[in-house]
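The following exercises are to be worked with the sequence and the structure in view. Each task is followed by a solution that proceeds step by step.

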Amino acid sequence: MAELTYRAAGAAGIAQEMARDESVVLIGEDIGAAGGVFKLSEGLFDRFGPERVRDTPISEQAIVGAVMGAAMTGLRPVGELMFSDFFAVTWDMVVNQIAKTRYMTNGQVSLPLVLRTANGGGLRFGAQHSQSIENWAMAIPGLKVVAPSNPADMLGLMAAAIRDPDPVIMCEHKALFAVKGEVPDGEHVVPLGQAAIVRSGADCTIVALAAMVPKAVEAAERLASEFGIDAEVIDLRTLIPLDAQTILASVNRTSRLFTVEENPRVLGWGAEIVSIIADEAFYSLDAPIVRITSPHIPLSSAAVLEDATIPSVDRIVATIRRRLDEAK
Amino acid sequence: MASPAKKSAPAIPPDVSSDVSSEVGIALYRTMVECRQLEVRAQELFFEGLVRGTTHLGTGQEAVAAGFAAAMRSDDYTFCTYRGHNHTLARGVPMAPILAELFGRANGLLGGKGGSMHLTSVKHGAMGSYAIVGAHLPIALGAAWSAQYRKSGQVAVCFFGDGTTNIGAFHEALNMAAVWKAPVVFVCENNQYMEYTPIGAVTAVPRPAADRASAYGLEPIVVDGNDVEAVLAVAQTAMDRARAGEGPSLIEALTYRHGGHSRADPAKYRPADEVKAWLERDPIPAHRTRLLARGISETDLDAIDAKVRDAVAAAEAEARAGLEPSVDVIPTELWSDGGSAWRN
């Protein structure tokens with residue numbers, strides 16, 4: 001086992017796949033000799049050279065379009081968008097072209113591509129460089145959406161995303177870049193569509209994603225030690241494909257469900273999960289479901305404002321405790 | 001190159017001593033006639049109610065499609081727009097599945113999932129018809145980058161309209177292609193109108209593509225897009241340049257849409273004398289005149305016309321015989337596993 005940062009694990013995942021498959025190439029802004037603004041590609045240029053790790057102009061439409069054209073003609077390209085907010089600049093390419101071309105051509109065209117991007121808040125970057133955009137992608141048929149919460153998953157899910165025959169949006173959370181964790185030795189691949197139960201518990205289920213996973217785990221530990229509440233925490237890992245069965249099985253055991261979502265509230269991924277539970281596990285529930293989310297408001301840059309907007313450990317603990325008290 | 005003043009079309013260059021062989025000249029003629037007859041019939045079938053949705057016909061612009069297709073290798077890539085029937089057909093895609101797709105039938109090129117604006121046949125190198133203006137320029141660049149990386153010698157050819165030169169993706173793709181020396185040929189079919197508006201009224205330079213070329217370090221290239229042999233010549237030069245690793249080209253082909261923007265558009269905004277002048281420069285009779293001057297017989301050319309008419313009729317019959325798609329196909333082919341599951 002080696003210890004890697006979340007940031008280095010992403011590069012390690014790409015390196016693992018570039019080493020085994022010549023068709024894997026990487027393009028983006030400042031990713032070559034500079035190693036990326038967030039150092040997400042550090043070492044790749046030196047190891048694989050300028051043909052496989054290519055700098056681009058500040059041209060997000062061209063980056064994403066070129067990735068699509070390369071994917072439809074035999075490569076497995078990875079395109080980097082420096083900030084996930086920049087997806088808004090490329091939305092035609094992503095929504096109208098990449099997501100629909102396989103379907104519209106009745107399967108003639110496959111698009112084995114990955115768009116990796118620095119996502120999420122907590123770095124005081126303000127409303128245009130802090131968004132959690134997983135829901136944007138989740139809403140579009142034809143896109144797979146991945147959001148790892150720890151270094152081992154970052155490496156393994158990156159590898160799976162690159163091997164996947166379909167388009168994958170890889171949301172890499174900025175607040176986790178410096179987090180260290182053990183990463184398995186040898187080739188590591190985490191299949192898409194398998195949620196992880198990161199803490200077992202009997203009293204309630206907390207479903208979280210990306211940077212909300214460590215917060216949910218910390219909240220669960222506090223709920224246990226301070227209030228005797230035994231919470232199960234599920235790390236979704238991927239929104240599409242969605243591992244609904246793991247959530248359903250957990251809710252059937254615990255009878256209570258909370259989601260913890262960094263995204264603005266309206267139509268967040270948790271709403272889809274609530275809908276599934278309402279349809280398929282209604283009679284297992286002992287209490288109303290609660291979504292713990294950012295409000296439907298942009299993120300601010302000031303630390304105190306941003307921290308009070310995104311769900312915090314305190315808010316998760318307080319919300320769950322209150323709801324479980326009410327249910328008694 | 002004569003400039004296409006608003007009211008008068010450029011004159012046909014007197015050309016009877018081209019180095020194009022009779023065989024190639026006839027093949028170009030046949031391709032253009034195929035495009036024309038299929039489009040004309042598609043329009044008739046639209047008015048019959050058999051073709052649904054919308055169609056954007058390429059009548060009048062056949063020389064661009066035929067000239068470029070003749071310069072392409074079978075494994076080269078064509079990327080075109082929603083006005084893409086000509087380009088798709090010119091790459092050798094059979095007529096019947098094209099018509100059947102327009103009809104929305106199961107035997108359509110895309111099984112009824114795409115329609116007129118998305119004709120694609122990967123095995124013919126027809127890599128898609130793109131219906132959002134400008135999107136396919138970066139995508140064609142990506143295919144060219146892939147060919148460059150794989151050292152396959154393939155070239156991507158990307159056709160688009162004059163209106164596309166005013167969208168951001170045009171600039172991004174041209175710049176990145178030039179920086180990367182990507183083997184891609186960008187072909188602006190300047191049919192003088194951005195949908196319903198004269199291109200000159202919404203563009204800061206007189207030549208929407210050629211006048212932008214210098215911004216990407218490229219030569220300004222303008223060709224008479226109604227002269228199929230002139231198109232073939234510039235196409236060959238650009239393809240050779242791309243294959244030699246010398247990078248992209250940007251070509252502006254001057255042409256004219258015989259009809260409106262789409263089937264909903266009677267094109268009443270165009271001055272009658274302008275339309276008349278361009279109709280007199282119809283690329284098909286012009287090329288026919290040239291072939292006759294070279295000694296090809298009227299009988300031979302009439303025989304081509306008749307054979308194409310039969311082929312269109314046969315394709316129509318085949319397309320009409322197709323069934324409506326089964327609704328069972330709705331949840332298929334979103335993903336590479338053939339299905340559309342998003343959860344377990």
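**Exercise 1.** Determine how helices H2(B) and H7(B) cross, and which residues meet there.

*Solution.* Step 1. The crossing of H2(B) and H7(B) is right-handed; a crossing is right-handed if the near helix is turned clockwise from the far one by less than a right angle, and left-handed if anticlockwise. The model is a predicted one, in which local features need pLDDT of at least 70 and side-chain atom pairs count only at pLDDT 80 or more, while totals for chains, interfaces and linings use all residues. Residues are numbered from 1 along each chain as its sequence is written, and chains are lettered from A and ligands numbered from 1 in the order in which they are written. Helices (H or I, at least four residues) and strands (E, at least two) are DSSP runs, numbered from the N terminus.

Step 2. H2 (residues 62–71) and H7 (residues 228–243) of chain B pack at an angle of about 40°, and their axes are 8 Å apart. Axes are lines fitted to C-alpha atoms, for helices over the stretch in contact, and angles run from 0 to 180 degrees between N-to-C directions. H2(B) and H7(B) are therefore oblique to each other. Angles under 35 degrees count as roughly parallel, over 145 as roughly antiparallel, 65 to 115 as roughly perpendicular and the rest as oblique.

Step 3. Among the residues that meet are B:Ala63, B:Val64 and B:Phe68 in H2(B), and B:Val231, B:Leu232 and B:Met239 in H7(B). Contact requires C-beta atoms, placed from the backbone, within 7 Å. The residues of this contact of H2(B) with H7(B) comprise 11 nonpolar, two polar and no charged. Here Ala, Val, Leu, Ile, Met, Phe, Trp, Tyr, Cys and Pro count as nonpolar, Asp, Glu, Lys and Arg as charged, and the others, Gly among them, as polar.

**Exercise 2.** Describe the packing of H3(A) with H4(A).

*Solution.* Step 1. H3 (residues 60–71) and H4 (residues 91–104) of chain A have axes 10 Å apart and an angle of about 15°. That makes H3(A) roughly parallel to H4(A).

Step 2. H3(A) passes H4(A) in a right-handed crossing. In the contact, A:Gln61, A:Val64, A:Gly65 and A:Met68 of H3(A) meet A:Met93, A:Val94, A:Gln97 and A:Ile98 of H4(A). By class, the residues of this contact of H3(A) with H4(A) are five nonpolar, three polar and no charged.

**Exercise 3.** State how many residues each chain gives to the contact between chains A and B, and which elements of chain A take part.

*Solution.* Step 1. Chain A gives 42 residues and chain B gives 39 residues.

Step 2. On the side of chain A that touches chain B, the elements giving two or more residues are H3, H4 and H8 (244–254). That side has 19 nonpolar, 18 polar and five charged residues.

**Exercise 4.** Establish the strand order of the open five-stranded sheet of chain A, and the setting of S11(A).

*Solution.* Step 1. The order is S9-S11-S10-S13-S14, with mixed pairing; strands pair if DSSP finds at least two bridges between them. S9 and S14 (290–294) of chain A are the edge strands, each pairing on one side only.

Step 2. S9 (residues 196–199) and S11 of chain A pair in the antiparallel sense over three bridges, and A:Arg199 has A:Val233 as its bridge partner in S11(A). S10 (residues 204–208) and S11 of chain A pair in the parallel sense over five bridges, with A:Val207 partnered by A:Ile234.

Step 3. Five of the five residues of S11 (residues 231–235) of chain A are buried, so this strand is largely enclosed by the rest of the structure. A residue is buried if 20 or more other C-beta atoms lie within 10 Å of its own, exposed if 12 or fewer, and partly exposed in between, with C-beta atoms placed from the backbone.

**Exercise 5.** Is A:Arg237 buried or exposed, and where is this residue found?

*Solution.* Step 1. A:Arg237 is found in the loop between S11 and S12 of chain A, and its phi is near 65°.

Step 2. A:Arg237 is buried, with 28 other C-beta atoms within 10 Å.

Technical notes. Two residues are in contact if their C-beta atoms, placed from the backbone, lie within 7 Å.
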